[in-house]
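Work through these exercises with the sequence and the structure in front of you, and try each task before you read its solution.

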Amino acid sequence: MTGRSADPASDTAMNMDMERFGPITRAVARFGAEWRWEDIPEAVRHEARRSLLNYFAVALAGSADPTVDIAASVFARFSAGQQATVIGRGQRMDMLNAASLNAMMANVFDFDDTHPATIIHPTAPVAPAAFALAQVQPVSGARLLHAFILGAEIECRMGNALTLGHYAHGWHITSTCGVFGAAIASASLLGLDARRTAWALAGAGNQTGGLVETLGTMSKSISVGNTARNGLLSALLAREGLAGPDQPIEGARGVLNVLSATPAPEKLIDGLGQRWELRTNTYKPYPCGVVLNPVIEAVLALRERMALADRDPARVARVELTGHPLLRQRTDRPGVRNGRESQVSAQHAIAVCLLHGRAGLAEFSDQAVAAPRAHALDMRLRFHDDDAYTVDAVHIRITLDDGRDFEHRIDAARGSSGNPLTDADLENKLHELCAYGGSGCDAEAIIGGIWELETLTDAGKLMARVAGTPRTEIRTG
């Protein structure tokens, strides 16, 4: 692995010191502390900029959500300063609370990016910690982007190593893995050596958590916020010498063995620095669980072939969805009660797409859920699991009350790795979501700052472009 040190004696001492750590922990810590910016391919750097473009888009949209209103009101009572910007709210807090709030708002609408192999949302946990720290300790744009890439890479690889059984057992994988990404990014920006980076990983592992049971509720945002806060805190404590165990990742009671019945530790380090998980990152065209993307696309395509009267969900006798088992596990949710629950409901998504011919934030709101016709399919949808399908594919059959069938198959939904959003698509998304959030921010200025990030001498100044105007109304509904 390429290191930063040019002092052979220092390298020898560090190597001896690092031998105490387990091989997986050692490799990850050295990657976070020593992998050089010069050795990161341009294609990875570009994907990181795309990830940040999407991050600011979804965070600005979520900045006025009631969940964030409530959290911001509570956090403000305990804020230890005003070092860092809370996105889109015209507000500043200490960097731990600011990082937490910015992570929450980036994930609150389920409109953030997705690592396909794990369904982790990589940027919401990592970027807020990096930008909060950059406002306290000025760093260049290139250095911030470097730290973000290292953190997102380890976050996604941690998900690979925990394997899909981790999620199936009930762990919210963005929350459990995101804290490691935030810790690595923060450790990199703080300039921690490999030993202290290993301690930061230990601190992160001791603060990981998050439950799938919370999806569709406000409380999901607590653990997502904790990813940024706890990862940053772990690095700050490690800098001061707060030590941890030698095998926090691979130990018998370490993260992998505790959180997974079938851990694959080799997936954390195989090809590290050569094969980049961030290259596979994807971005959503719709504000909902990623497995609903092909469903929405298929329904919208069918709607174009149906007569106006046929688009009424009340006329649908039966809907059959064939797809990856995760589609049923994540989205078989009839009878949703609010917009947050609707983001992970296939029944709701199909109904509103038939009704309105679109699937934006308005279609996954409390108001959309309150419409009686949005519940017409609650008991008329059947799922068929098929492991041969990817999470980006689906086959749908809609049978009307007169017996007519409409069918459509999607093999690579828009926004997936096989059909990715373009740079222009992401810029448009930022424009739309910036306007939706009502922060008053200049979308073009934000876009320009992200594409030019590597040229900035002080990356923290970018946060002034996303600060927004003060929020005075606290909404709870």
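A helix here is a DSSP run of type H or I with at least four residues, a strand is a DSSP run of type E with at least two residues, and both are numbered from the N terminus. Please keep in mind throughout that the model is predicted.

**Exercise 1. Two residues in loops**

Task: Find where T163 lies in the chain, and decide whether T163 is buried or exposed.

Solution: Begin with the neighbouring helices, α7 (141–162) and α8 (165–168), since T163 is found in the loop between them. Next, look at the backbone, where the phi of T163 is near 70 degrees, a positive value in a residue other than glycine. Finally, consider the relative accessible area, which is 14% for T163, so this residue counts as buried, the cut-off for buried being under 20%.

You can then repeat these steps with I119, which lies in the loop between α5 (95–107) and α6 (123–136). I119 has a positive phi of about 65 degrees, although it is not a glycine, and with a relative accessible area of 8% it is buried.

**Exercise 2. Building the sheet**

Task: Work out in which order the four strands of the open sheet stand, and which strands stand at its edges.

Solution: The order is β4-β3-β5-β6, with mixed pairing. From this order you can see that β4 (381–385) and β6 (405–410) are the edge strands, each of which has a single partner, so one side of each has no neighbour in the sheet. From one strand to the next, the twist averages 15 degrees.

Now take the pairs in turn, in order to see where the mixture comes from. β3 and β4 are parallel and share five bridges, and within this pair V319 stands opposite L381 in β4. β3 and β5, by contrast, run antiparallel and are joined by seven bridges, with G323 having V394 in β5 as its bridge partner. β5 (residues 394–400) and β6 also run antiparallel, and six bridges join them; here T399 has D405 in β6 as its bridge partner. The hairpin of β5 and β6 has four residues between the strands, and in it G403 takes a positive phi near 90 degrees.

As a last step, ask how well the inner strands are covered. Six of the eight residues of β3 are buried, so the rest of the structure largely encloses this strand, while β5 is mostly covered, with six of its seven residues buried.

**Exercise 3. The surroundings of L400**

Task: Describe where L400 is placed, and which residues it is in contact with.

Solution: L400 is in strand β5, and V316 stands opposite it. Once the neighbours within four places in sequence are left aside, the contacts of L400 are M306, D310, R315, V316, A317 and F406. One of these, A317, is 83 residues away along the chain, and yet the C-alpha atoms of L400 and A317 are separated by 5.0 Å. The relative accessibility of L400 is 1%, and therefore it counts as buried.

**Exercise 4. Helices on the sheet and against each other**

Task: Identify the strands that α14 and α17 lie across, and then describe how α9 and α11 pack.

Solution: Helix α14 (residues 293–305) lies across β3 (316–323), β5 and β6, and runs at about 135 degrees to β6. Helix α17 (residues 346–356) lies across β3, β4 and β5, and runs at about 120 degrees to β4.

Turn next to α9 (residues 173–190) and α11 (residues 220–239), which pack at an angle of about 35 degrees with their axes 7 Å apart. Their crossing is right-handed. Among the residues that meet are G178, A182 and L190 in α9, and V224, G231 and R239 in α11. The residues of this contact divide into 10 nonpolar, eight polar and one charged.

**Exercise 5. Cysteines without a bond**

Task: Explain why C288 and C434 form no disulfide with their closest cysteines.

Solution: A disulfide requires two cysteine sulfur atoms within 2.5 Å. The cysteine sulfur closest to that of C288 belongs to C353 and is 8.2 Å away, which is too far for a bond. For C434 the closest is that of C441, at 5.2 Å, which is also too far. A search of the whole structure accordingly finds zero disulfides.

Notes: Residues are numbered from 1 along each chain as its sequence is written. This is a predicted model: local features need pLDDT of at least 70, side-chain atom pairs count only at pLDDT 80 or more; totals for chains, interfaces and linings use all residues. Side-chain values use heavy atoms; hydrogens and water are left out. Two strands pair if DSSP finds at least two bridges between them. Axes are lines fitted to C-alpha atoms, for helices over the stretch in contact, and angles run from 0 to 180 degrees between N-to-C directions. Contact means heavy atoms within 4.5 Å. A crossing is left-handed if the near helix is turned anticlockwise from the far one by less than a right angle, and right-handed if clockwise. Ala, Val, Leu, Ile, Met, Phe, Trp, Tyr, Cys and Pro count as nonpolar, Asp, Glu, Lys and Arg as charged, and the others, Gly among them, as polar. Buried means under 20% relative accessible area, exposed over 50%, partly exposed in between (1.4 Å probe, protein chains only).
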